[in-house]
Amino acid sequence: MNKSALFHQFVAFTATIHQVTHDLTQNITAANITPLQYKILEYIKVSQPVTPTEISECQHMSLPNTSRELRKLQEQQLIQKFSDTADRRKQYVRLSKEGEKMMEEAFACIEERFLQLIQHATQDDLKDIQHALAILEEKVLRQNG
């Protein structure tokens, strides 16, 4: 197996994933939040609880910018901050009930768009897609070093 060719195929695949993700999430955001704030909320939704540092690293933002965006989201009552019980200096972030509701609505819209993408897939196709995603996650995306 030519690993260089595999790498180039992976790069093309990730570019396609970014485009499809953009298409699926385009115009999903609520009226009062920015696209960046939506991406932060999306990350919190799938990874909560998270620390501000984890959000900063995932979103490729400075910690001061992350803190400012989190403050705005907290003012809109979309997130909650809480301290670690063992180390009160460590802060975590999770969605509030209002934030959960908003993200559930957003995910329902995204799911509807995703179902349109796969509407012509057969049961065997769906099984193949599910299997391919599981392999990618296990062998490539979730490796720790």
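The following exchange goes through the terms applied to this predicted model and the values behind them.

Me: What should I know about the numbering and the model before asking about single residues?
Reply: Residues are numbered from 1 along each chain as its sequence is written, and side-chain values use heavy atoms, with hydrogens and water left out. The model is predicted: local features need pLDDT of at least 70 and side-chain atom pairs count only at pLDDT 80 or more, while totals for chains, interfaces and linings use all residues.

Me: What makes up the secondary structure of the chain?
Reply: There are six helices and two strands. The elements are DSSP runs, numbered from the N terminus: helices are H or I with at least four residues, strands are E with at least two. In sequence order the pattern is α-α-α-α-β-β-α-α. The C-alpha trace spans about 50 × 35 × 25 Å along its principal axes.

Me: Why is the pair of Phe-82 and Tyr-92 called stacked?
Reply: Rings of Phe, Tyr and Trp (its six-membered ring) pair if their centres lie within 6.5 Å; planes under 30 degrees apart count as stacked, over 60 as edge-to-face and the rest as tilted. Here the centres are 5.7 Å apart and the planes stand at 25°, so the pair is stacked. A search of the whole structure finds one aromatic pair.

Me: What does the pair of Phe-82 and Tyr-92 tie together?
Reply: Phe-82 belongs to strand E1 (residues 79–83) and Tyr-92 to strand E2 (residues 91–95), so the pair links parts that are 10 residues apart in sequence.

Me: Is Tyr-92 buried or exposed, and what is Phe-82?
Reply: Buried means under 20% relative accessible area, exposed over 50%, and partly exposed in between (1.4 Å probe, protein chains only). Tyr-92 has 17% relative accessibility, so Tyr-92 counts as buried. Phe-82 has 23%, so Phe-82 counts as partly exposed. In the chain, buried residues make up 25% of the 145 residues.

Me: Which residue lies over the face of Phe-82?
Reply: Arg-94 does, at 4.0 Å from the ring centre. The rule asks for NZ of Lys or CZ of Arg within 6 Å of the ring centre and within 35 degrees of the ring normal.

Me: Why is helix H2 called roughly perpendicular to helix H4?
Reply: Two packed helices are described by the angle between their axes and the distance between the axes. Axes are lines fitted to C-alpha atoms, for helices over the stretch in contact, and angles run from 0 to 180 degrees between N-to-C directions. Angles under 35 degrees count as roughly parallel, over 145 as roughly antiparallel, 65 to 115 as roughly perpendicular and the rest as oblique. H2 (residues 35–47) and H4 (residues 63–75) pack at about 80°, with axes 11 Å apart. That angle makes H2 roughly perpendicular to H4.

Me: Which residues make the contact of H2 with H4?
Reply: From H2 come Leu-36, Gln-37, Ile-40, Leu-41 and Ile-44, and from H4 come Glu-69, Leu-70, Lys-72 and Leu-73. Contact means heavy atoms within 4.5 Å. These residues divide into six nonpolar, one polar and two charged. In this scheme Ala, Val, Leu, Ile, Met, Phe, Trp, Tyr, Cys and Pro count as nonpolar, Asp, Glu, Lys and Arg as charged, and the others, Gly among them, as polar.

Me: What makes H1 oblique to H5?
Reply: The axes of H1 (residues 3–25) and H5 come within 9 Å and cross at roughly 125°. That crossing makes H1 oblique to H5. Val-20, Asp-23, Leu-24 and Thr-25 of H1 meet Ile-110, Arg-113, Phe-114 and Leu-117 of H5. By class the contact has five nonpolar, one polar and two charged residues.

Me: How do you know that Gln-116 is exposed?
Reply: Gln-116 has 53% relative accessibility, so Gln-116 counts as exposed. Gln-116 is in helix H5 (residues 97–117).

Me: What is notable about the backbone at Pro-49, His-60 and Gln-77?
Reply: A cis peptide bond joins Gln-48 and Pro-49, with omega about -5°. Pro-49 lies in the loop between H2 and helix H3 (52–59). His-60, in the loop between H3 and H4, has a positive phi of about 55° although it is not a glycine. Gln-77, in the loop between H4 and E1, has a positive phi near 60° and is also a residue other than glycine.

Me: Why are His-60 and Gln-77 called exposed?
Reply: His-60 has 74% relative accessibility, so His-60 counts as exposed. Gln-77 has 57%, so Gln-77 counts as exposed.
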